[in-house]
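User: I'd like a close look at one part of this model, the open sheet and whatever sits around it. Take me through it strand by strand, please.

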Amino acid sequence: PPALGLVEIGAHWIHGPSPGNPVFCLATRYGLLGPEAAQEENQQAEVEGHPPLPSVTYGSSGRALNPQAVSEAHNLFGTLLASARAFRGAEEPPAPSVGQYLREEIARRVPSLGGGEEDARRLQLAMLATCLKLECCISGTHSMDLVALEPFGEYVSLPGLDCTFPGGYSSLSDRMHSALPEGTVLLNKAVRTIRWRGSFHEEGDVARDFPVQVECEDGDTFLADHVIVTVPLGFLKERHQDFFQPPLPERKAEAIRRLGFGTTNKILLEFEQPFWEPQQHFLEVVWEDESPFEKPSADLEANWFKKLIGFVVLQPPEQHGHVLCGFIAGKESEYMETLSDAEVFNTMTRILRTLTGNPHLPAPKSVLRSQWHSAPYTRGSYSYVAVGSSGDDIDVLAQPLPEDPEDPRPLQLLFAGEATHRTFYSTTHGALLSGWREAERLNQLFEAPSPT
């Protein structure tokens with residue numbers, strides 16, 4: 001049943017809920033989705049991971065912007081973004097990053113923007129700047145200048161109108177968990193070190209030796225033949241040198257260093273009454289003096305909130321109450337994590353009053369935000385293919401260890417998680433498929449006839 005007042009602090013949507021998406025298939029099989037998710041036309045919609053419509057766009061001058069001008073900017077950006085996916089395998093892509101490519105393409109069209117009229121052109125540029133920030137949220141990066149152009153088109157968007165779990169995303173993991181034997185899953189057992197390539201024995205049992213020992217922060221140890229490591233790439237970037245003993249081979253360490261991992265956070269605002277129309281799904285925010293060609297201010301304290309792309313309205317209100325979910329990425333998002341709840345509350349109240357042009361807009365009754373960068377075992381949200389890396393790095397990250405397939409103790413360390421899926425990185429379905437992939441690797445090993 002839909003959980004009342006439920007909000008997601010982490011994963012929010014099933015991206016591309018259609019038969020090719022294993023999260024959607026499981027959720028359907030378990031009966032965890034609402035009736036509209038099952039509709040055939042919803043499974044065929046192509047949305048490319050962008051927020052739901054209908055939407056209204058507020059400008060910083062305190063008014064709703066002309067919907068026609070807004071859709072003109074969105075359509076142009078959508079076209080340019082689609083063209084950015086075409087350079088897969090290009091010998092010499094026109095720019096190193098998606099951001100640089102998009103800026104160059106926008107620059108070529110500046111004279112004709114807004115029908116060539118100065119104010120309309122400026123507004124189009126401001127809206128395109130918002131589109132770039134939205135893309136930062138989707139890619140989980142500080143700037144699209146950090147996202148490599150050549151591999152950008154390798155990411156695969158599945159068809160389907162993004163949907164949510166009425167009972168929360170955890171309703172899926174709870175169902176998967178409930179099928180396992182009692183005591184299989186241990187929570188609150190943070191791992192300090194994974195020792196591999198060793199020869200470890202249980203107390204008093206010298207006959208059986210294990211190549212892997214997992215040591216927890218509370219001092220408990222577990223011996224194993226195989227360990228599947230699913231920690232986020234952000235954690236690996238910070239800790240891989242001391243987390244694995246012996247350290248990972250250089251090739252794997254390089255891939256960890258090169259791949260991108262950034263932060264997207266949510267700021268959830270709960271209101272007594274909505275100030276938006278009940279059918280609205282998204283309130284977009286445009287700072288009218290911005291342009292894709294200007295470097296954003298380095299003064300985070302004064303300007304962090306300008307990175308906010310707007311607010312998704314949590315639907316339906318009967319289930320959630322009147323809740324807006326703001327999205328913000330990058331350094332500004334990480335700075336927001338360091339502020340007090342009161343500071344975030346006051347800033348959000350102020351900017352909503354500015355945007356709506358209503359100085360008497362009631363303040364929200366509560367604020368809640370994610371803090372994925374501060375989380376010690378996460379250190380951000382999800383991965384992207386950064387300038388200087390490629391899809392090959394994802395495959396290197398996914399390779400099990402030891403590297404030698406002839407090793408007498410194969411598959412001691414296996415790697416799964418969204419950052420190890422070459423075409424579905426950054427998604428829950430990528431994470432799920434990567435786990436199945438590694439489980440299957442072990443199945444193959446266990447089924448292999450032992451050499452006589």
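To get going: which residue stands opposite Ile267 in β14?

Analyst: That would be Gly326: in β14, Gly326 is what stands opposite Ile267. Bear in mind that this is a predicted model. The pair belongs to a longer ladder, in which β11 and β14 are joined by eight bridges and run antiparallel.

Now for the whole sheet. Seven strands make it up, and the sheet is open, with the order β2-β1-β12-β13-β14-β11-β15 and mixed pairing. β2 and β15 are its edge strands, each with pairing on one side only. In that order, β11 sits between β14 and β15.

Go to the β2 end next, where β1 covers residues 55–59. Four of the five residues in β1 are buried, so the strand is mostly covered, with buried taken as under 20% relative accessible area. On one side β1 runs parallel to β12 (residues 282–286), and five bridges hold the two together in the pairing. Gly59 faces Val286 of β12 there. On the other side comes β2, just residues 63–64, which runs antiparallel to β1 over two bridges. Tyr58 is set opposite Ala64 of β2. The link between β1 and β2 is a hairpin with three residues in between, and Gly62 in that turn has a positive phi of about 90 degrees. So you can see the mixed pairing of the sheet in β1 alone, with a parallel neighbour in β12 and an antiparallel one in β2.

Back at the other end, have a look at α11, residues 330–338. Its buried residues are Gly330, Glu332, Ser333, Glu334, Met336 and Glu337. Part of their cover comes from the sheet: β11 (264–271), β14 (322–329) and β15 (366–369) are among the elements in contact with them. Two helices, α9 and α12 (341–356), are also on that list.

Both α11 and α9 turn up again around a pocket. The second largest pocket has a volume of about 710 Å³. It is lined by 28 residues, and those closest to its centre are Lys133, Ser291, Glu294, Lys295 and Pro296. Four elements give two or more residues to that lining: α4 (98–109), α5 (118–139), α9 (300–303) and α11. The most comes from α5, which supplies four residues. Sorted by class, the lining has 12 charged, 10 nonpolar and six polar residues.

How does this fit into the chain as a whole? Domain 1 takes in 13–160 + 263–374, while domain 2 is 180–260 + 385–447. The C-alpha centres of the two domains are 34 Å apart. Their contact draws on 18 residues from domain 1 and 17 residues from domain 2.

For a look outside the seven-strand sheet, try β3 (residues 191–195). Four bridges pair β3 with β6 (residues 212–216) in the antiparallel sense, and Arg195 has Gln213 of β6 as its bridge partner. β3 also pairs with β9 (residues 244–245), this time parallel and over two bridges. Ile194 is matched with Phe244 in β9. Like β1, then, β3 has one parallel partner and one antiparallel partner.

Conventions. Residues numbered from 1 in each chain as written. Predicted model: local features only at pLDDT ≥ 70, side-chain atom pairs only at ≥ 80, totals over all residues. Heavy atoms only, no water. Buried < 20%, exposed > 50% of the residue type's maximum accessible area, 1.4 Å probe, protein only. Pairing = 2+ DSSP bridges. 1 Å grid on protein atoms, 1.4 Å probe; cavity = no way out; pocket = protein on both sides within 12 Å on 5 of 7 lines; lining within 4 Å. Points joined across faces, edges and corners; volume = space filled by probe spheres on them. Nonpolar A, V, L, I, M, F, W, Y, C, P; charged D, E, K, R; others polar. Contact = heavy atoms within 4.5 Å. Domains from an automatic or database assignment.
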